[in-house]
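Biologist: I would like a close look at a single part of this model, followed by an account of what surrounds it. Please take the time to connect the details to one another.

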Amino acid sequence: MDLLGSILNSMEKPPTASNRQKALIKKQQEEYQKHQKAESERLKSFRKKVEEKINKFLQDDTAKEYKFLPMDQIHRSIIHDVAEVANVWAYSFGEEGIDRYIMIFKREHAPSEDQLNTLRKGEEWNEDVAKRIQEEREKQIKEEEESLNSKKQIDNFIPNSYYKDKYQHIIGKEAALEAARKTEANSNYGCVPSENKKDQRSIEQTLADIRAKRRKVETNNIPTDDKK
């Protein structure tokens, strides 16, 4: 134990914070808390202003929408929260970190998909734009209907002349009828009834015919001198 005690006593003690360092740390903590409190008060004040703007917007019967200035995500989240409480539509548009902003709409004047898509593309929405989009949609619908009707007419096409009339116009009525008859397919062409394929001879007759053919062949193959 004496040896261990002497070793511990010989070691340097860990440095302790001086009073000056302690005061500096305490000051930094106080400044941080002060900053946090100021930020909280600032956001609370901002929320109150947003509530006043939205209440004024709801009380204005002529107003259908309201556009806020571009702001960061924290402030936009406050607007979304207040808009939800006030029961109004709120949409964000623009690029994050550059010009992201919020527009609110009254429930009875909810934006159309055309309006939202136009604003998402960074374009201005007005009556002229709405009219142009409507005209383009009607034109597209008309073209699709014409295409369907054209296809229907092709499917239901009935020729106004018979092929015999074509021959009649070229070579006369009688020749046309004859040509038409020649062009008609023969239902029996290339077809042999199964009865014709069967051998109608009896077994005895068939064997006799085979022997007769064999004798004839043998006779024809015998030399002239042998036949004599």
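Which residues point one way from strand 3 and which the other way, and are they buried or exposed?

Modeller: Since this is a predicted model, what follows describes computed geometry. From strand 3, Y101, M103 and F105 point one way, I102 and I104 point the other way, and all of them are buried. In a regular strand the side chains alternate between the two faces of the sheet. Strand 3 spans residues 101-105, and 5 of its 5 residues are buried, where buried means under 20% relative accessible area.

To place this strand in the whole, the protein chain contains 10 helices and 3 strands, and read along the sequence its pattern is α-α-β-α-β-β-α-α-α-α-α-α-α. Of the 228 residues in the protein chain, 14% are buried, and the chain exposes about 20000 Å², of which carbon and sulfur atoms supply 51%. Among contacts between residues at least 6 apart in sequence, 41% join residues at least 24 apart.

Strand 3 pairs with both of the other strands discussed here. Strand 1, residues 65-67, is joined to strand 3 by 3 bridges and runs antiparallel to it; within that pairing, Y66 has I104 as its bridge partner. Strand 2, residues 89-93, is likewise antiparallel to strand 3, with 5 bridges between them, and here the bridge partner of W89 is F105.

A residue of strand 2 shows the second pairing in finer detail. A90 is found in strand 2, and its C-alpha atom is separated by 6.6 Å from that of I102, 12 residues apart along the chain. Leaving aside neighbours within four places in sequence, A90 is in contact with I102, M103 and I104 of the strand under discussion, as well as with H80 and A83. A90 nevertheless counts as partly exposed, because its relative accessibility is 21% and the cut-off for buried is under 20%.

The residues of strand 3 also lead into the nonpolar cores. In soluble globular proteins, nonpolar side chains tend to be buried together. The largest nonpolar core in this model has 14 residues, and those with the most contacts inside it are V50, I54, F68, I79 and I104. Helix 2 (19-59), helix 3 (73-86) and strand 3 each supply at least two residues of this core, with the largest share, 5 residues, coming from helix 2. A second, separate core of 6 residues includes F93, Y101, M103 and L119. I104 thus appears among the residues with the most contacts inside the largest core, while Y101 and M103, which point the other way from I104, are included in the second core.

On the side of the largest core, helix 2 has 41 residues and reaches 60 Å from its first C-alpha to its last, close to the 60 Å expected at 1.5 Å a residue. Its buried residues are L43, F46, V50, I54 and F57, and what covers the buried residues of helix 2 includes strand 1, helix 3 and strand 3. I79 touches F46, V50, F68, M71 and I102, again leaving aside its neighbours within four places in sequence.

Helix 3 also holds R76, which counts as buried because its relative accessibility is 6%. Not counting residues up to four places away in sequence, R76 touches I102 of strand 3 together with M71, S92, E96 and R100. Between helix 3 and strand 2 there is a loop that contains N87, a residue with a positive phi of about 65° although it is not a glycine. N87 counts as partly exposed, because its relative accessibility is 45%.

L119, named above as part of the second core, is also one of the buried residues of helix 4 (residues 113-120), the others being Q115, L116 and T118. Seen down the axis of helix 4, these buried residues fall within an arc of 160°, so they line one face of the helix. Helix 4 is followed by G122, whose phi is positive, near 80°.

Taken together, strand 3 is bridged to strand 1 and to strand 2, has all five residues buried, and supplies at least two residues of the largest core, while Y101 and M103 are included in the second.

Technical notes: Residues are numbered from 1 along each chain as its sequence is written. This is a predicted model: local features need pLDDT of at least 70, side-chain atom pairs count only at pLDDT 80 or more; totals for chains, interfaces and linings use all residues. Side-chain values use heavy atoms; hydrogens and water are left out. Buried means under 20% relative accessible area, exposed over 50%, partly exposed in between (1.4 Å probe, protein chains only). Helices (H or I, at least four residues) and strands (E, at least two) are DSSP runs, numbered from the N terminus. Two strands pair if DSSP finds at least two bridges between them. Contact means heavy atoms within 4.5 Å. Accessible areas come from the Shrake-Rupley method with a 1.4 Å probe; for residues, only the protein chains shown count as cover. A nonpolar core is a set of buried Ala, Val, Leu, Ile, Met, Phe, Trp, Tyr and Cys residues joined through side-chain atoms within 4.5 Å. The expected span of a helix is 1.5 Å times one less than its number of residues. The arc is that of the directions from the helix axis to the C-beta atoms.
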